[in-house]
Structure formats: structure tokens, C-alpha cells
Amino acid sequence: MTFFTSISGLNAASQNLNVSSNNLANANTTGFKKSRAEFADVFAASVSGVSKTQPGSGVQVTNVAQQFSQGSITSTGNNLDLAISGEGFFSLGTTSTSNQPSLYSRAGEFKLDKDGYVVNNQGNFLLAFSPNGSTVNEGFSTGVFTPIQVNAEQGSPTATTQVGISANLQSTQVTPANSPVNPSDSTTYNHVSSLSIYDSLGNAHIASTYYVSDSPTTANSFQAYLFIDGKPFNTDGTPAGAGGSDSINITFDSAGKLASPIGQVAYGAIKSTDLDPSLNAADLNLSFNFTGTTQFSSVFSVNNLTQDGLPSGNLTGISVGDDGVVLANFSNGGSQPLGKVALTRFANPQGLAKVGDSTFAQSAASGLPIPGQPGVGSFGAIQSGSLEASNVDISGELVNLIIGQQAYQANAQAISTQNTITQTILNI
């Protein structure tokens, strides 16, 4: 009986050494989680139970438990290297049509494949929550999984709809000697500000606002006239005739602060063919906001000019935020959400099935997968340009090797001792 007891000890010690050796072998494996051999004693039970004088029948390995403590996070500088700081697993699909994860991992070494999909080294697809629209503000559909694909085509242009102008209109100015406003004649206006705007096809146009003082007839008042590509337009969006265009009346209080208009001032639809007969773009629908405009005695100055349009652009790269939002960035300054990295957690992560390549699969012991967004609730945040290192403590594993070796030698010695006793008996 002693032989079998010691053999179980040898087997258990060997298993423990194997676990430590595997941990050490994967000390530099990204996202690797170390294991621990767990043991239990063995008793031979009879109908009457285990006798209080029974010494036991040895030991058995009951579990090789994965330890999911956080590994250290190191910077790599590669945007597609992702690390999870906190709880959760990356959700992976095995095909480009996967709409549910089948594999889970903490290893975030991702890259683009030939079709622009974000994949790991094994070709599994990183899944994300699908965007609800073309902007981040429109949100994402949690629970609707989709592989992340980067489209290298040009970024779509965006037509200008809002123009912001903040300027100081010099209070000492008086009504110009000549009218109507003529861009080539500086005696027909007091000030001018210009910026580029864009139509629905991404064509650039120069929108100029000419300011004409009403002083001394009307104090603290200016008229703003809109010209696009040198052509005057009325506030209803129609081209102006030879007599000049109508205007937006800008008034100020006695302290030089803007009194009106407050908020957006909308122009009527401006047809692209009125800008250029060869164009076939959608109508321009512009709104002007003069918030921040003043009338002081200092010289005319433009403090800020803004517009929300974009020309077409080329893909310059992708970025991933702490919240897991994946953006395609374009040379025109625009960006498009491709998805939000989907994380998954389990009630019992130690119950996950190990499938190799630093990946796991759901099992009956792990419980059902619980999807969630990075940084929300108990889910960790995403760190782009970083990787989570193995959580193996090399010093601790070397100590475990010494302990495992001593256990193995001790059980071998027990077998040797039992053999000596047996030989003594047989030689009598």
C-alpha cells in the first residue's frame, strides 16, 4: 500500500513541477495567466466510513486553476496593441461574419489582415459593438457584435451647415462713401472676414462677410453681407442683383457687446448651380452665429472663425480610446467610428475552458458570458498602444520548483525505504 501512496505523491509532485515549468515557459507570453496545482488527500472509505486510524491512500491533483490577477501593462506605441486594465476579456470571433464571440482572451496583440479586419496572431477577429450611426454621439448597440473592419477608401465630405464668426467691428467706423458692396472696391465696405466652406461633394468655396457701418445714421449698428466665391447672396439664398444684396443687421449695446442677433441666423437654401453652373451638389443650408462679436474702438480684428464642413480625405490611421471606441481618422480632420471594443466577463473565470493560444472558451463551470463596455460598471478600461504582460512571478515559480523537487525526492525516498523493508522481510 505504501508503494501506491508514494507513487501518488510522485505523480502529484511531477504535475506540480509541470505546472511551474509551464508558467516559466510562458513568462513572456502576452496576456498569459499563470496556473496553480491544487491537491487533495485520498482516503479509502468503507461502508462504515473512514477509520480514525487509517493513514490515508495518498494525494491527487484536483485542479490546475488559472490565476486571473492583473499582469503589468507595458507601452508599445502600436495603436492596435490593446490592454485591459481591470476585469474582462476581449471578445473574439472565428470568421468575418461572426455576430457572437466564441473565444475570449486577455492577449491584445492585434493587427490588420489583408481585408482590413482587426485580428490577432491566430487570425481570430476582434469583435466590437456596432455603431448606431456615423458619429460617436449617436452611440453603440451593446450586445450587437460585429468584426472591426477598416475601410481605406476616402473619408466622405461633409457640407458646411454652421458658420461661427467672432470679431471686433471698430466703433469709430462710419457708413462707406459708396454702395452697394463691391469686393473689388474697398470704399464700399468697412471690414471683411473670409473662410472656406464646403458643399456636399467636398468642393471648397470662399464665404466672405462684408461689414458696413450704419453710423452716424444709426448708432451701434452694422450690416453683414454674404458673398460666396465673390457672388452676393440674399438672406433667402437667392443670388443678389445689381442693386446689391440684403443683409443681416448686427447691433450692439452701449458697452459694445452684441445685442442682436442672438444665436443662429439661417440663410435660405443656396443652389450649387448659382455658385458654379457645372456643379451638381446639394443645396447649401448655412446658419451664421455672431456670438462673441464686439464693437469697441480698437481696430477691426477677427478673433475666431469656425465652420463644420469637411472636404474628402484619405485614411491616415485608426485610434482606440480608453472607452474602447475605435475611430478611423482621415486627412481632412474627420473621423468615423468603426465600433466599440466589446468586453466579456464571467461569474467564474476559473471555470473557462483552456483552448491554447492564450484564449479561453465558455464552459458549464464558467457560467454565461456577460458582455459590457470598457470602463462601464465592473469592466476595465482599454489602454491603446500597450500590452498586458504575463502575470507569472519568476522568483515565486523558482521557489515552487525547489519545493516540488523536494516533494518528489521525499516520495521517491519513501518508495526506497519501503523497498528496503520489503527486501528485509523477504530475506528472512
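Colleague: How many of the five residues of β16 are buried?
Modeller: Four of the five, so strand β16 (residues 248–252) is mostly covered, where buried means under 20% relative accessible area. Keep in mind that this is a predicted model.

Colleague: Which way does β16 pair with β14?
Modeller: Antiparallel, over four bridges. One of the residue pairs is Ser221 with Thr251 of β16.

Colleague: And what about β16 with β17?
Modeller: β16 and strand β17 (residues 258–260) also pair in the antiparallel sense, over two bridges. There, Thr251 stands opposite Ser260 of β17.

Colleague: How many residues sit between the strands of that hairpin?
Modeller: Five. Gly256 in the hairpin of β16 and β17 has a positive phi near 85 degrees.

Colleague: OK, cores. How many residues are in the largest nonpolar core?
Modeller: It has 24 residues. Those with the most contacts inside it are Ile197, Tyr211, Ile228, Ile270, Phe288 and Phe290.

Colleague: Which elements give two or more residues to this core?
Modeller: β11 (162–168), β12 (191–198), β13 (204–213), β14 and β16. β14 gives the most to this core, with four residues.

Colleague: Take Phe290. What does it touch?
Modeller: Leaving out residues up to four places away in sequence, Phe290 touches Ile165, Tyr211, Ala224, Ile248, Ile250, Leu258 and Pro261.

Colleague: What lies apart from the largest core?
Modeller: Another core, of 23 residues. Leu80, Ala128, Val150 and Ile382 are among them.

Colleague: Switching to holes. How many cavities of 30 Å³ or more turn up?
Modeller: Two, from a search of the whole structure. The largest cavity holds about 40 Å³ of space. The second largest has a volume of about 30 Å³.

Colleague: What lines the largest cavity?
Modeller: Thr209, Ala224, Tyr225, Leu226, Ile248, Tyr267, Phe288 and Phe290. Strand β14 (residues 221–228) supplies the largest share, three residues. By class, the lining has seven nonpolar residues, one polar and no charged. Phe288 and Phe290 also appear among the core residues with the most contacts.

Colleague: And which residues line the second largest cavity?
Modeller: Leu80, Leu82, Val118, Leu126, Ile148, Val320 and Val326. That lining is seven nonpolar, no polar and no charged.

Colleague: Leu82 makes me think of Ser386. Where is Ser386?
Modeller: In strand β29 (residues 386–388). Beyond its neighbours within four places in sequence, Ser386 is in contact with Ile73, Thr74, Ser75, Thr76, Asp81, Leu82 and Ala83.

Colleague: Is Ser386 buried or exposed?
Modeller: Buried, because its relative accessible area is 7% and the cut-off is under 20%.

Colleague: Now Thr188. Where does that lie?
Modeller: In the loop between β11 and β12.

Colleague: A loop residue, then. Why does Thr188 count as buried?
Modeller: Because its relative accessibility is 4%, and buried means under 20%. Leaving aside neighbours within four places in sequence, Thr188 is in contact with Pro176, Asn178, Ser179, Pro180, Val181, Asn182 and Val212.

Colleague: How many Å apart are Thr188 and Leu80?
Modeller: They are 57 Å apart in space, C-alpha to C-alpha. In sequence, Thr188 and Leu80 are 108 residues apart.

Colleague: Last topic, pockets. What volume does the largest one have?
Modeller: About 420 Å³. It is lined by 21 residues. Ser134, Ser156, Phe330, Ser335 and Gln336 lie nearest its centre.

Colleague: Which strand gives the most to that lining?
Modeller: β23, with four residues. β22 (325–330) and β23 (335–341) each supply at least two.

Colleague: What classes of residue are in the lining of the largest pocket?
Modeller: Eight nonpolar, 12 polar and one charged.

Colleague: And what volume does the second largest pocket have?
Modeller: About 250 Å³. Of the 18 residues that line the second largest pocket, Asn22, Phe32, Lys33, Gln66 and Lys354 are the closest to its centre. The elements giving two or more residues to the lining are α1 (2–25), β2 (58–66), β25 (353–356) and β26 (359–361).

Colleague: How does that lining divide by class?
Modeller: Five nonpolar, 10 polar and three charged in the second largest pocket.

Notes. Residues numbered from 1 in each chain as written. Predicted model: local features only at pLDDT ≥ 70, side-chain atom pairs only at ≥ 80, totals over all residues. Heavy atoms only, no water. 1 Å grid on protein atoms, 1.4 Å probe; cavity = no way out; pocket = protein on both sides within 12 Å on 5 of 7 lines; lining within 4 Å. Points joined across faces, edges and corners; volume = space filled by probe spheres on them. Nonpolar A, V, L, I, M, F, W, Y, C, P; charged D, E, K, R; others polar. Buried < 20%, exposed > 50% of the residue type's maximum accessible area, 1.4 Å probe, protein only. Contact = heavy atoms within 4.5 Å. Pairing = 2+ DSSP bridges. Core = buried A, V, L, I, M, F, W, Y, C linked by side-chain atoms within 4.5 Å.
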